[in-house]
Amino acid sequence: MADFETSDDDYYGDDSLDGLDQEEDDLLWTPQRTPSSASKVITRASLLAAQREDLKRVTEMLTLKEHHARTLLIHHRWDVERLLAVLVEKGRDRLFTEAGIPILDAAHQASARSTSSIMCNICMEDISPNDVTTMDCGHCFCNDCWTEHFIIKIKEGESRRVRCMAHKCNAICDEAIIRNLVSVKDPEVAERFERFLLESYIEDNGKVKWCPSVPHCGNAIRIDGDSYCEVECTCGLQFCFRCSSEAHSPCSCLMWELWIKKCKDESETVNWLTVHTKPCPKCHKPVEKNGGCNLVTCLCGQYFCWLCGGATGRDHTWTGIAGHSCGRYKSDHNKVAERAKRDLNRYMHYHNRYKAHMDSMKRENKLRETVQATIATSESKDDGFRDYSWVTNGLNRLFRSRRVLSYSYPFAFYMFGDDLFKDDMTEEERQLKQNLFEDQQQQLEVTVERLSKFIEEKFDKLPEDKVKEIRMHIINLTVLVDTCCKNMYECIENDLLGLLQSTTHSIAPYTSKGIERASELSVCPDSDQILNSSKANDDDAHDPSWVSSAPGTDSEPRSEGQVSCASLDDNGCSSRKRAREETLGSLLFDLNLPAEVA
Amino acid sequence: MLDVSRVQKELVEIDRDKRISGVSITLHGDDISHLSGTISGPIETPYEGGTFQIDIQLPASYPFEPPKMQFLTKVWHPNISSQNGAICLDILKDQWSPALTLKTALLSLQALLSSPAPDDPQDAVVAQQYNQDYPTFVSTARYWTETFAKRSSLGIEEKVQKLVEMGFPESQVRTALETCGGDENLALEKLC
């Protein structure tokens, strides 16, 4: 590791590019986790641990039994803050009764117990007091009836809100009683109840979502903060947390939904239409040619020339249509507004570019292997370049920006189209904004292509000075691409979506480091976190060279993944500029200090 | 399996005070899961004097799931379909509790007849009329009660025929009868 640093220093020593030093941190590609990242992967094993914290907080604060705390949390969708707000606003009793937790009445229960035999109001039989159960609300029925009721409710998918059998009783039944009674009669249903109850933490929780992977990886993701974000599960799937479809920023969820639908519809019908039909110049409906000659009649009665699509009269000869000649080139013959065609052209324009960048990204994915192989051969040559992180950084930056670029086309399609924001801006405003955006987009596009070109160079076959030159270009372009992405997002968020009057349209923000990779939830989060962060500080202090070695590990998935652990890698790689921008907690800021010094 | 013993107990209970309650249940042959209920129209409502038949199907999990009830007698009411007699009542759906019985359900239907909930309608046409033109609603409901829920009184066709024989055009006779809630004397006054 120390060697790496020395060679790096040497390299800079005889290099005249001073400007580079300052940006050095920026070019190191950081793993896809921001220091502020607190997204967690919740697996089947950690599901209980994940909710333990919330349960503990509520049980302790309100001195409750755990099952009552769970009932409260389920009712308030696991939002502890909201639960506490209700407590303050409405008081403890209201909080409890609204959630279906009875306020205990011991006297009532005692009276139910005192008789020798009890009439169950459900089966209408006299039952021995040993075979009845009184719920917290005071309602007493026989165990057989309770069991039957529980099984039916569980099968109906009501596990999280099994209410008392009494009419108009709002009380939620004690989960322990349900568990005990049901497991005697039908262990399988009892197991299902258990699972449903645990999964409430995912199903009834705005901060947690199932990973949408197919086949399902079994994980759920918990985010911390704004729900407009994109995350990566440990199974590798990247998705939009908001709508659970693929990560699509800077497209908004609505735009993306419309786009996907449109692409699906259009690919089936419009492709066929464009190949086989032409729009009638009068009614604009697509017309299919069913005869040999080029004079076509639309159902609406309009005659037109199949070759040029222009309206004609009805007389024709074998060689031409009377009074019509379109064989001569005329530049202004599209006088009639062909709206359908224009719309289609517009869609195809955006779709082609969207598709082209997607395809590039797929091809560049293969490039990763090639590049890695090239690095391997170069490293074995031992010619002074020991650190090839600039290539991997550039490559990662390329993927990231390709993605942004690709999704920026459907974004533009809707931003400047008639579907969503027609009434939100005048034609002039729209034109102005479109120019503004397209400038940014074009800059990004050009820079990305240049970066792509340099990364494809077979630098292992080149002489050293040539490699230095490529390295220079890649390093510069990597930074430039990131800046272009940032600028484009700034334009989108501030000048386009930010100025909408009638609607609010939000997108997942751009992060230089890419889509946040959620880390596995540790079973004991509190102590681990402290442990790891102190470790991180130690590492910082004792091993300054890890700054340059960090990128070498960036593409490997992390299994130990703690937030603080992640920030250990991050802080070394993030730029000074970004450290200032993105540092949220003081802890992270502290962690960043040694990196700056180093 | 259907709790036969409970259903039998319920039937005995209903039979015991059917005179006071105004609701009764009869068996449909041997099948205890298919019953037929009867409720009398509540007084001081357009349904007064009518007797309403209700088809009752008990699911196998009764009483843990609600009985399925449907009006067999045609009735003009915002919460009851004028087409097929389907009922919109919370206790027959998600608010059902095993502690409720067939009797309480039928009594709830009776209560529903006296206090409609037009904001949660089953029949949008009726509900709209109830909200916008209450007098017409009342007379239509009364006409339907007269026509479909009264076995003892003269059938509507007979009334029509009687009035037509007096020399009034049939269409006018029908309109007059409808607006007067099936009362032939009032209709006659109107026609004269």
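User: Let's start with B:Cys88. Is this residue buried or exposed?

Analyst: Buried is the word to use when a residue's relative accessible area is under 20%. This is a predicted model, and in it B:Cys88 counts as buried because its relative accessibility is 15%.

User: Where does B:Cys88 sit along chain B, and what is it in contact with?

Analyst: Look in the loop between strand E4 (68–71) and helix H3 (102–114) of chain B. Setting aside neighbours within four places in sequence, B:Cys88 touches B:Asn79, B:Lys93, B:Leu112, B:Asp120 and B:Gln122. There's a record on this residue too: an unreviewed UniProt entry lists B:Cys88 under "active site".

User: One of those contacts, B:Leu112, is in H3(B). How do I read that helix?

Analyst: Try its length, then its packing. H3(B) has 13 residues and spans 19 Å from first C-alpha to last, close to the 18 Å expected at 1.5 Å a residue. Its buried residues are B:Leu102, B:Lys103, B:Ala105, B:Leu106, B:Leu109, B:Gln110, B:Leu112 and B:Leu113.

User: Which elements do those buried residues pack against?

Analyst: In chain B, they pack against helix H1 (4–16), helix H2 (18–21), strand E1 (23–28), strand E2 (31–40), strand E3 (51–57) and E4.

User: E4(B) keeps coming up. Which way do its side chains point?

Analyst: Here's the general idea: in a regular strand the side chains alternate between the two faces of the sheet. In E4(B), B:Met69 and B:Phe71 point to one face and are buried, while B:Lys68 and B:Gln70 point to the other and are not.

User: And how many bridges join E3(B) to E4(B)?

Analyst: Strands of a sheet pair through backbone hydrogen bonds, either parallel or antiparallel. Here four bridges join E3(B) to E4(B), and the two run antiparallel. For one example, B:Ile54 has B:Phe71 in E4(B) as its bridge partner. The loop between these strands holds B:Pro63, and the peptide bond from B:Tyr62 to B:Pro63 is cis, with omega near 5 degrees.

User: Can we step back and see what chain B is built from?

Analyst: Sure. Chain B has eight helices and four strands, and from the N terminus on they run α-α-β-β-β-β-α-α-α-α-α-α. Of its 192 residues, 49% count as buried. For contacts between residues at least 6 apart in sequence, 53% join residues at least 24 apart.

User: How do chains A and B meet?

Analyst: Count residues, then look at area. The contact takes 13 residues from chain A and 16 from chain B. The area buried between the chains is about 1100 Å², with carbon and sulfur atoms giving 65% of that. On the chain A side, A:Ile122, A:Met124 and A:His167 lose the most area to chain B, together 46% of what that side buries.

User: Over in chain A, what is the strand order of the open sheet with three strands?

Analyst: The order is E9-E8-E15, with mixed pairing. Strand E9 (238–240) and strand E15 (516–517) are the edge strands, each pairing on one side only. Three bridges join strand E8 (residues 230–232) to E9(A), and these two run antiparallel. A:Glu230, for instance, has A:Cys240 as its bridge partner in E9(A).

User: How many disulfides does the structure hold?

Analyst: A disulfide is a covalent bond between the sulfur atoms of two cysteines. The structure holds zero of them over all chains. Take A:Cys145: its closest cysteine sulfur, in A:Cys142, is 3.6 Å away, too far for a bond. A:Cys211 is a similar story, with the closest cysteine sulfur in A:Cys217 at 3.7 Å, too far for a bond. Both cysteines are buried, A:Cys145 at 6% relative accessible area and A:Cys211 at 2%.

User: Which residues should I check for backbone angles in chain A?

Analyst: Start with positive phi in residues other than glycine. A:Thr63 has phi near 40 degrees, and A:Trp78 has phi near 60 degrees. A:Thr63 is found in the loop between helix H3 (47–62) and helix H4 (66–75), and is exposed at 65% relative accessible area. A:Trp78 lies in the loop between H4 and helix H5 (80–99), and counts as buried at 5%. Then there's a cis peptide bond joining A:Val214 and A:Pro215, with omega about -5 degrees.

Key: Residues numbered from 1 in each chain as written. Chains lettered and ligands numbered in written order. Predicted model: local features only at pLDDT ≥ 70, side-chain atom pairs only at ≥ 80, totals over all residues. Heavy atoms only, no water. Pairing = 2+ DSSP bridges. UniProt positions renumbered as here; feature names shortened; annotations may be inferred. Buried < 20%, exposed > 50% of the residue type's maximum accessible area, 1.4 Å probe, protein only. Contact = heavy atoms within 4.5 Å. Expected span 1.5 Å × (residues − 1). Disulfide = S-S within 2.5 Å. Buried area = accessible area lost by both parts, 1.4 Å probe.
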